[in-house]
Amino acid sequence: MTLNLDDAKNTAEVLTTALPYIQRFVDKLIVVKYGGNAMTDPELESSFARDIVLLKTVGIHPVVVHGGGPQVDNLLKELGRQSDRIDGMRVTDKSTMDIVEMVLGGSVNKSIVSLINKHGGRAIGLTGKDANLIRAKKLMMEKNGNDGVAVPVDLGFVGDVVSVNKDVINMLIASDFIPVIAPLGVDKEGNTYNINADLVAGKVAEFLQAEKLMLLTNIKGVLGRDGEVVTGLTPKKVDALIEDGTISGGMIPKIQCALDAVRSGVKSAVIVDGRVPHATLLEIFTNEGVGTLISREIDAALSQS
C-alpha cells in the first residue's frame, strides 16, 4: 500500500517537525502520571501505551506513575462498601487499604504493563513497596472547624512521600525497561499507605531530577478567569493565581505537585488534557502542547527580557 503525494508530504512534515524535539529529549527522563479518562477509555488507553513505547523507541526514558481511584471505587461498590472522602482524599482504613493495594498494585498496574508490552514495549510493574521504592509516612491533614480553628483529621492509611529509591528506577531504565509504578508506599514499620498519584509522580520526578513531569488530567489545563487555558506559567505566577482564587479546589493539590517538582530541580512540569488522543506525544513533540506548562525557563526568559 502506497501513500498519495499529499499524504506522503504530510507524513514527512510530521516526522521532520518532531526531529528537534526528539533531539532535545533523547536520553532524558520524563515522568508521566497516568489517570483519569485516559485509563477508562479503550481508545485512549491504547494511544497512551503506544505513546510510551514510541518515546522509549526514540531514546527517551519514560517512567509511568498511575492512579486508579475509579477502579477502587467500582470494586468497593461491588463489595457493598463505601469510602468517604475529605477534600478529595480517600479515608482509608485497614480493610479499605487491602482493597486499594489489590486494585492498584494488582489489576490496574498489570493491565497497564500488559498494554505497553502488547505495543512492543518492555514495561515492568512496581509498587512503592518493592525494594522500598517509596518510603512513606502517615499524612497529617488539618481542616478548619466551624469556629475557624484548624483541627487534625485522621485519614487512616493515607501517606506522604518521604523518599524515593532512585537506584531501583535507574537500574530498570539502564536495562531498557519502562517502570510502571503504583502509588503505594511503606513506612519503617512496614505499614502500607495509599498515596495520591500526582504526589508520587512529582516526588519521583524530583528525586530523579527528571527533564519533565507530565500530569494527565480530565480537564484542558489551568483555566484563567476568562475560562481559557493558561498555557505558560512561572512559579511566581502560580502563587499569584492561587492567592487570588483563580486556581482553587481540587486543582490546587495537582498544581502544587507540579510546582514543588519544578522548584526542586525538574526542568518543567505540565498539566495535560488526557482526554486528547496521543496527548503525551503532542506535548513533547510539538510547540503548542495540550495543557498548562510550568517552567523555570519561562522565569529566566522573563527576567532577561
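Q: Which residue, with a positive phi, follows helix 3?
A: This is a predicted model, in which local features need pLDDT of at least 70 and side-chain atom pairs pLDDT 80 or more, while totals for chains, interfaces and linings use all residues. Residues are numbered from 1 along each chain as its sequence is written, and side-chain values use heavy atoms, without hydrogens and water. Helices (DSSP runs of H or I, at least four residues) and strands (E, at least two) are numbered from the N terminus. The residue after helix 3, with a phi near 75 degrees, is Gly80.

Q: How are the buried residues of helix 3 arranged around its axis?
A: Helix 3 spans residues 69–78, and Val72, Leu75 and Leu76 are its buried residues (under 20% relative accessible area with a 1.4 Å probe, protein chains only; exposed is over 50%, partly exposed in between). On the other side of the helix, Lys77 and Glu78 are exposed. Judged by the directions from the helix axis to the C-beta atoms, the buried residues fall within an arc of 100 degrees, so they line one face of the helix.

Q: Which elements are included in what covers the buried residues of helix 3?
A: The residues to be covered are Val72, Leu75 and Leu76. Contact here means heavy atoms within 4.5 Å. The cover includes strand 4 (89–90) and helix 4 (94–118).

Q: Which helix gives the largest share of the largest nonpolar core?
A: A nonpolar core joins buried Ala, Val, Leu, Ile, Met, Phe, Trp, Tyr and Cys residues through side-chain atoms within 4.5 Å. The largest one has 43 residues, of which Val31, Ile169, Val204 and Leu213 touch the most other members. Its largest share, 7 residues, comes from residues 251–263, which form helix 8.

Q: How many residues are in the second, separate core?
A: The largest core includes Val31, which touches Val63, Val65, Ala201, Val204, Ala205, Ala210, Lys212, Leu213 and Met214 when residues up to four places away in sequence are not counted. Tyr21, Ala49, Val53 and Val270 are among the members of the second core, whose total is 41 residues.

Q: Is Gly232 buried, partly exposed or exposed?
A: Gly232 is found in strand 14 (residues 232–233). Its relative accessibility is 39%, so Gly232 counts as partly exposed.

Q: What distance separates the C-alpha atoms of Gly232 and Leu293?
A: Gly232 belongs to strand 14. Gly232 and Leu293 are 61 residues apart along the chain, and their C-alpha atoms are separated by 4.8 Å.
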